[in-house]
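Please walk through this structure with the sequence and the 3D view side by side. Start with the sheet, then follow the helices and the core.

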Protein chains: 2
Amino acid sequence: MPSQKVPDIVVGRLPLYLRALNQMAGEGKEITSSQELGTHLGISSAQIRKDLSQFGEFGKQGTGYHISFLIEQLQKILKLDRLWDVVLVGAGDLGTAIAHYAGFIDRGFRVKYVYDNDPGKIGHTIGKFTVKDISTMAADIESDKIKVAMLAVPAGHAQEVSELLVKAGIHAILCYAPTSLNLPDSIQVQYIDPSLHLQHMTYYM
Amino acid sequence: MPSQKVPDIVVGRLPLYLRALNQMAGEGKEITSSQELGTHLGISSAQIRKDLSQFGEFGKQGTGYHISFLIEQLQKILKLDRLWDVVLVGAGDLGTAIAHYAGFIDRGFRVKYVYDNDPGKIGHTIGKFTVKDISTMAADIESDKIKVAMLAVPAGHAQEVSELLVKAGIHAILCYAPTSLNLPDSIQVQYIDPSLHLQHMTYYM
């Protein structure tokens, strides 16, 4: 759908719009406006209109956006009109929390397997998962054609494990380890490091 | 130190520089360059030089940066030359993982108290914490002059709890609930929502 390359910062806001629209739909709303979305998200309405206009015409001047239509369009743009299987590597406290987290499935993602290299964790149960030996990971990813991984291993192991993931066919990695991965440009990587956010905020205090 | 207002996006990169520098220091390095930092982080060296120049002169053309000096300066700029006490609200799976996470203390933050409103969780132990009744939270925040909170409650309760936090004196909230908080502009808010990152990546797949 996009003819020119859309800036990555714009792409990054689309999931936020989608989340707000789903919340509105859940409250029974049918129509919204860029003003209302903007107030909800703390983003200017002009920014929202400009962002969405990069992908097409989703609303009419004066009548606003049909929420369910805009949800459907954003899901298509973000390739969320399917469910993505995900492998989770690391079954420590954080991996356990991620495995238990019920919030992925409604947003397009399903954890399929959980791996660890610790014999004390392999074979143990986390919710509905049995922790698998990391040595079987590559074969699972290949046979199930899994493209997305979440990495919840210690920082010192993250690079090595991420290379295993990429070699097995993973295209996108959500890295919870507090480090930067060095991977080919063709691999999507996003990071979650809560200390970075905390340190960003203390600057202003 | 900053005379003019530094763009927030620049401020947000400083913790990333700090993390990389600490990693280098941990490997025994003493000197680095914007090129080396850039390669490590996947950011251009020109960007790093420009960002740092907003805060002063930290290195000399040709000799690079003294890592320990730059770490010290960044810690001052980010107000990390002290330890910040943090309250954690929510003792579910995610709150439990956060309470167990050992990575905050070296980066300027110490979880002081953990709260929940569930009688089945109050009084229970998570690592070294005993989960406290949320009804005692405001008094603790006031008496201990705590300014930073982490919010790991369900999305439907996040707004209400965040308002309690702000009323008690909290200035900065790291929100793990998948929703947007509506708070005064004077309050710093950052969000962690893994699904947003996953959805951002699938756009490119």
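The paragraphs below go from the sheet to the core and then to single residues. This is a predicted model.

Begin with the sheet of chain A. It is an open sheet of 6 strands in the order 8-5-4-9-10-11, with parallel pairing. Which strands stand at the edges? They are strand 8 (132-133) and strand 11 (188-191) of chain A. Each has a single partner strand, so one side of each is left without a neighbour in the sheet. Further in, strand 9 (residues 148-151) and strand 10 (residues 172-175) of chain A run parallel and are joined by 4 bridges. Within that pair, Met150(A) has Leu174(A) as its bridge partner.

Two helices of chain A pack on this sheet. Helix 6 (residues 137-144) of chain A touches strand 4 (84-89), strand 5 (109-116) and strand 8 of chain A. The direction of helix 6 makes about 155° with that of strand 5 of chain A. Helix 7 (residues 155-168) of chain A touches strand 4, strand 9 and strand 10 of chain A. Its direction makes about 165° with that of strand 9 of chain A.

Now look at helix 3 (residues 45-53) of chain A. Ile48(A), Asp51(A) and Leu52(A) are buried there. Why do they lie on the same side of helix 3 of chain A? Because they cover an arc of only 90° around the axis. In general, an α-helix has 3.6 residues a turn, so residues three or four places apart point the same way. The cover over the buried residues of helix 3 of chain A includes helix 1 (8-26), helix 2 (34-41), strand 3 (64-66) and helix 4 (67-77) of chain A.

Switch to chain B and its strand 4 (residues 84-89). Of the 6 residues in strand 4 of chain B, 6 are buried. Trp84(B), Val86(B) and Leu88(B) point one way, while Asp85(B), Val87(B) and Val89(B) point the other way. Strand 4 of chain B pairs in the parallel sense with strand 5 (residues 109-116) of chain B, over 6 bridges. Here Asp85(B) has Arg110(B) as its bridge partner. Strand 4, helix 5 (residues 93-100) and strand 5 of chain B make a right-handed β-α-β unit. Strand 4 of chain B also runs parallel to strand 9 (residues 148-151) of chain B, with 4 bridges joining them. Leu88(B) stands opposite Met150(B) in strand 9 of chain B.

Met150(B) leads into the core. The largest nonpolar core has 98 residues, and those with the most contacts inside it are Met150(A) and Met150(B). A second, separate core has 22 residues, among them Val87(B), Tyr113(B), Met137(B) and Cys175(B). Leaving aside neighbours within four places in sequence, the contacts of Met150(B) include Val86(B), Leu88(B), Ile98(B), Phe104(B) and Leu174(B). Leu198(A), from the other chain, is also in contact with Met150(B).

Ser195(A) gives another view across the two chains. Ser195(A) sits in helix 8 (residues 194-202) of chain A. Is it buried or exposed? Ser195(A) counts as buried, because its relative accessibility is 0%. Not counting residues up to four places away in sequence, Ser195(A) touches Gly103(B), Phe104(B), Arg107(B) and Phe109(B).

Finish with Pro154(B), in the loop between strand 9 and helix 7 (155-168) of chain B. Pro154(B) is exposed, with a relative accessible area of 53%. Pro154(B) and Ile98(B) are 56 residues apart along the chain, and their C-alpha atoms are separated by 15 Å.

Key
Residues are numbered from 1 along each chain as its sequence is written. Chains are lettered from A and ligands numbered from 1 in the order in which they are written. This is a predicted model: local features need pLDDT of at least 70, side-chain atom pairs count only at pLDDT 80 or more; totals for chains, interfaces and linings use all residues. Side-chain values use heavy atoms; hydrogens and water are left out. Buried means under 20% relative accessible area, exposed over 50%, partly exposed in between (1.4 Å probe, protein chains only). The arc is that of the directions from the helix axis to the C-beta atoms. Contact means heavy atoms within 4.5 Å. A nonpolar core is a set of buried Ala, Val, Leu, Ile, Met, Phe, Trp, Tyr and Cys residues joined through side-chain atoms within 4.5 Å. Two strands pair if DSSP finds at least two bridges between them. A crossover is right-handed if, with the strands pointing away from the viewer, the path from the first strand over the helix to the second runs clockwise. Axes are lines fitted to C-alpha atoms, for helices over the stretch in contact, and angles run from 0 to 180 degrees between N-to-C directions.
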